[in-house]
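Hi there,

Here is the structure I promised to pass on to you. Please have a look at it first, and then read my notes underneath.

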Amino acid sequence: MNKYQDKATILAELGLSDLNAGVSTGTEWFETEGAITASSSPIDGKEIAKVKNATMEDYEMVVKKAQAAFKEWRLVPAPIRGEIIRQVGLALREKKEALGALVTLEMGKIYQEGLGEVQEMIDICDFAVGQSRLINGVNLQSERPEHRLSEQYHPLGIVGIVTSYNFPVAVWAWNTALAAIAGDVVIWKPSSKTPLTALATQKIIKDVLIANNIPEGVFNLVVAKSSVMGDNFLSDNRIPLMSVTGSTAVGKRVGGLVGKRLGKTILELGGNNAVIITPKADIQMAIMSTVFGTVGTAGQRCTSTRRVIVHEDIFDEVKDKFVSAYEKIVSKIGNPLNEEFLVGPLIDNGSVELFKNAVASVEKEGGKVLFGGQVLEGKGYESGNYVVPCIAVAENHFEIVQEETFAPIVYLIKYKGDIANAIEIQNNVPQGLSSACFTLDVREAETFLSLAGSDCGIANINLGTSGAEIGGAFGGEKDTGGGRESGSDAWKIYMRRQTNTINYGAELPLAQGIKFDI
């Protein structure tokens, strides 16, 4: 049972107060002269705590400390850097329940998902520890006698991290664990909607940094308004890599500004994720998995299921089972700190308006709302952020369906013929993050995963679009941005690649057999 049910208990456990400094370079916190902003809970609309924001002077101070720290940190052997991340993982384990509860309090996802988010942080720390001993290059075959050709990877520098409210701490961990073992230093700008989870994370790792004498400036946190830390942050030549999670519109601006200075980016942007259900699917499995994808985190995951593409022969059956499942969910919408509930609030009233507009738009374009779409009122719903998840029958070409609505609305779309037709519908949106196909037919499954199949960065068989493990690289194509974070070989983006040729002979042969005799 969740013992963290109230604000005071959660804040006390994590070392937060009613007014908190918003700038840290690791173990040191700085009193700033910036604006004081409040973070409120979407659960009840009440203020949780305030944060002192950074000024431009604070930002400059942090960047300079990061530059100095990088010169030291890059010299620390990678396995020893990995040991620091191992200890960070242990520190997160000790505070998993409290930090998970704060994620729930400030963001609104249910407590089980809050715990799951912190577990992701722990998991990527474990992954990074092993990776710290496997930052490997490659030996290649030289065409020249008595020459050795190889590649190796070196630390890159400062990594800027801009996180979104929907995963306020996990995405920081995905980036920071890998950047740290790569020899980089980080500057974290958290979402203005969820700054307290960032402050708590920084406080959790503080003792690890003190115990190991980590230089100030390796793990930096700056809470700031965009007027202080916006385009200037993205345009800063001192920061070779920017990792940004946000909307496609935000990503295009980021890509333009960072690209103008030829910097590197990791862009994790919008998704318009689809599940295909074929006549050869285990329909009950498909329903159970897909419903979590549509209503989990109140539809505020990048990987939330937005479209369900169903064959005409089973469309009515799937439709009825979806509605039946949603009918059971209505009674389980409420305070996400209470583990009786499965769906919490949207982040704020602005998101509620987007939800309402999407419901109205799909009807205006000729779709039919089958279930939900209302804003809940009354006791327990005073914040105005609770909605009834919506199911609508729609066409893929509808303008609203082509967009990502960051809320719990799912569009049921009918397809005819074979799976190629379903894949064509799925791929016919601007975004390309996550996708899934439910089928027990190996030919359908392999077609979906083939080069003629899903065009998304993530493609699953017999499980939904959300809930990715950290072991695989996470990210998508097209308007999703093309970035990759987390597992597999995503570590390489945090390093600079170098090709080496060593001549250990007595002759000087040129490549391509060129003769140049003096």
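Below are my notes on its sheets, its helix packing and a few single residues.

First, the ground rules. This is a predicted model, in which local features need pLDDT of at least 70 and side-chain atom pairs count only at pLDDT 80 or more, while totals for chains, interfaces and linings use all residues. Residues are numbered from 1 along each chain as its sequence is written, and side-chain values use heavy atoms, with hydrogens and water left out.

Let me start with the seven-stranded sheet. Its strands follow the order 3-2-10-9-8-11-12 in an open sheet with mixed pairing. Strands here are DSSP E runs of at least two residues, and helices are H or I runs of at least four, both numbered from the N terminus. Two strands pair if DSSP finds at least two bridges between them. At the edges sit strand 3 (29–30) and strand 12 (264–268), each of which pairs on one side only.

Going inward from strand 3, two bridges link it to strand 2 (residues 23–24) in the antiparallel sense. Serine 24 has tryptophan 29 as its bridge partner in strand 3, and leucine 221 as its bridge partner in strand 10. Strand 2 and strand 10 also run antiparallel, joined by two bridges. Strand 9 and strand 10, on the other hand, pair in the parallel sense over three bridges, with isoleucine 187 opposite asparagine 220 in strand 10. The side chains of strand 10 are worth a click: Phe219 and Leu221 point one way, Asn220 and Val222 point the other way, and all are buried (under 20% relative accessible area with a 1.4 Å probe, protein chains only).

Two helices lie across this sheet. Helix 2 (residues 56–73) lies across strand 2, strand 3, strand 8 (158–162), strand 9 (185–189) and strand 10 (219–222), and runs at about 155° to strand 9. Helix 6 (residues 170–182) lies across strand 8, strand 9, strand 10, strand 11 (241–245) and strand 12, at about 175° to strand 8. For these angles, axes are lines fitted to C-alpha atoms, for helices over the stretch in contact, and the angles run from 0 to 180 degrees between N-to-C directions. Contact means heavy atoms within 4.5 Å.

There is also a smaller topic, the three-stranded sheet. It is open and antiparallel, in the order 6-7-24, with strand 6 (138–140) and strand 24 (495–503) as the edge strands. Its neighbouring strands are turned by 25° against each other on average, direction ignored. Three bridges hold the antiparallel pair of strand 6 and strand 7 (residues 147–155), and valine 138 stands opposite glutamate 151 in strand 7.

Now to the helix pairs. The axes of helix 4 (residues 96–107) and helix 7 (residues 195–211) come within 9 Å and cross at roughly 165°. That makes helix 4 roughly antiparallel to helix 7 (over 145 degrees). Leu99, Leu102, Val103 and Glu106 of helix 4 make the contact with Pro195, Leu196, Thr197, Ala200, Thr201 and Ile204 of helix 7.

Helix 3 (residues 78–94) and helix 4 have axes that come within 5 Å and cross at roughly 75°. Helix 3 is therefore roughly perpendicular to helix 4 (65 to 115 degrees). Here Leu92, Arg93 and Glu94 in helix 3 meet Lys96, Glu97 and Leu99 in helix 4.

Finally, some single residues. Threonine 297 has a positive phi of about 55° although it is not a glycine. Threonine 297 lies in the loop between helix 10 (283–295) and strand 14 (305–311), and counts as buried at 3% relative accessibility. Serine 486, in strand 23 (residues 485–486), is likewise not a glycine and has a positive phi of about 80°; at 1% relative accessibility, serine 486 counts as buried.

Glycine 344 is in the loop between helix 11 (315–329) and helix 12 (349–364), and is buried with a relative accessible area of 7%. Not counting residues up to four places away in sequence, glycine 344 touches Gly108, Ile110, Ala298, Gly334, Pro336 and Tyr386.

Happy browsing, and best wishes!

Conventions:
Parallel < 35°, antiparallel > 145°, perpendicular 65-115°, else oblique. Buried < 20%, exposed > 50% of the residue type's maximum accessible area, 1.4 Å probe, protein only.
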